[in-house]
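Here is a short, friendly walk through a few spots in one protein model. Have the sequence and the 3D view open side by side as you read.

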Amino acid sequence: MTVRAPRRILTAAAAALLAAAGLTACADGTGGASGPGRVDVVAAFYPLQFLAERIGGDTVAVSNLTKPGAEPHDLELNPRQVGQVVDADVVVYLSGFQPAVDEAVEQNGGDRAFDVAGVTPLRDAAAGGHDHDHEGEAGHAEEGGGKDPHVWLDPTRLATIGDKLAERLGKADPDHAADYTARAGALRTELTTLDTEYADGLRTCQRREIVTSHTAFGYLTERYQLEQIGISGLTPESEPSPKRLAEVAEEAREHQAGTIFFETLVSPKVAETIAREVGAKTAVLDPLEGPPADGDYLSAMRTNLQTLRTALDCS
């Protein structure tokens, strides 16, 4: 049985560590401490940070638990980060995606937590075509109880999450509730435009199959009638078996795939192996689990769209 420290003890320990080390909430480049009168929001990883910043505006201070350049699936929290969860006014996370965050929220988050997984139904990990059927061969267990957590790659679902986050921020800060609602509405308009660009841009393509190193794109392929052929499963560090590599190579040849996609936070070696095998090239398709090098969620998604249009020979 796990013995859990009371919140007041954790708060005191976190405060002591902060004072001793001279750390602030922005020490890892993941956000800043809230000033007087501002709502302190802790986001578990980048897309949730993007939502909180866009909807919260100047009224909130947003900290991201996942450092830039870090892979969020296996995030471990240090005492300072646990202290951030303890002291936050709102904690925005996705249950089942980052176990360390789940545990911190369970022990310390309580009524201050906003769970994205409860806003819109998550896809089954094995739903749809070739998306996630290879758990056994990849040698890993899919996180989230067999659910695909990458819901932010469907702009329409992200807009729905944004609307609900505005409601949650309004409860924490009633004086600015109307502002949160207005900003969520403006963001919904931008995300609806992005959705239309994807639908129009991918409507007429010579191919509709994408071969990806990490099966993070199930929501995107479902939304825009594409098919994802994943080399590894939901967890990008999982190693595909030689059998799986051979199967993907065969499917890539069958569909005449000219591009094998890898992502920003994971080694491209497996994708490059498949590409050499089938005579294809490689390209980056960003799952936006971390902040893009330039721009934001919207610009990175538009870069993904252009990458897909080129790879799939869309007219």
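Tyr93 has Asp115 in strand 4 as its bridge partner. That pairing belongs to a predicted model, so keep that in mind for everything below. Strand 3 covers residues 90-93, and 3 bridges join it to strand 4, with the two running parallel.

Now zoom out to the sheet around them. It's an open sheet of 4 strands in the order 2-1-3-4, with parallel pairing. Which strands stand at the edges? They are strand 2 (60-64) and strand 4 (113-115); each has a single partner strand, so one side of each is left without a neighbour in the sheet. From one strand to the next, the twist averages 20 degrees. As for what holds such an arrangement together, strands of a sheet pair through backbone hydrogen bonds, either parallel or antiparallel.

Next up, the disulfide. The count comes to 1 disulfide, and the cysteines joined are Cys205 and Cys314, with an S to S distance of 2.0 Å. The pair ties together distant parts of the chain, 109 residues apart: Cys205 sits in the loop between helix 8 and strand 5, while Cys314 is in the segment after helix 12 (297-311). The link of Cys205 and Cys314 is right-handed, with 95 degrees about the S-S bond. In general, a disulfide is a covalent bond between the sulfur atoms of two cysteines.

Arg207 is also in the loop between helix 8 (177-201) and strand 5 (209-214). Its side chain makes a polar contact of 3.1 Å with the side chain of Asp313. A polar atom of the Arg207 side chain also lies 2.7 Å from the backbone oxygen of Ala311. Leaving aside neighbours within four places in sequence, the contacts of Arg207 include His255, Gln256, Ala257, Gly258 and Leu312.

Helix 8 itself holds Glu190. Not counting residues up to four places away in sequence, Glu190 touches Arg54 and Leu298. Glu190 and Leu298 are 108 residues apart along the chain, yet their C-alpha atoms are separated by 8.3 Å.

So how do these residues stand for burial? The table has the values.

| Residue | Relative accessibility | Class |
|---|---|---|
| Arg207 | 14% | buried |
| Cys205 | 15% | buried |
| Cys314 | 13% | buried |
| Glu190 | 30% | partly exposed |

Arg207 counts as buried because its 14% is under the 20% cut-off. Glu190, at 30%, counts as partly exposed because that value falls between 20% and 50%.

Notes. Residues numbered from 1 in each chain as written. Predicted model: local features only at pLDDT ≥ 70, side-chain atom pairs only at ≥ 80, totals over all residues. Heavy atoms only, no water. Buried < 20%, exposed > 50% of the residue type's maximum accessible area, 1.4 Å probe, protein only. Polar contact = N/O pair within 3.5 Å; in protein donor to acceptor, adjacent residues only side chain to side chain. Contact = heavy atoms within 4.5 Å. Disulfide = S-S within 2.5 Å. Pairing = 2+ DSSP bridges. Axes fitted to C-alpha atoms, helices over the stretch in contact; angles between N-to-C directions.
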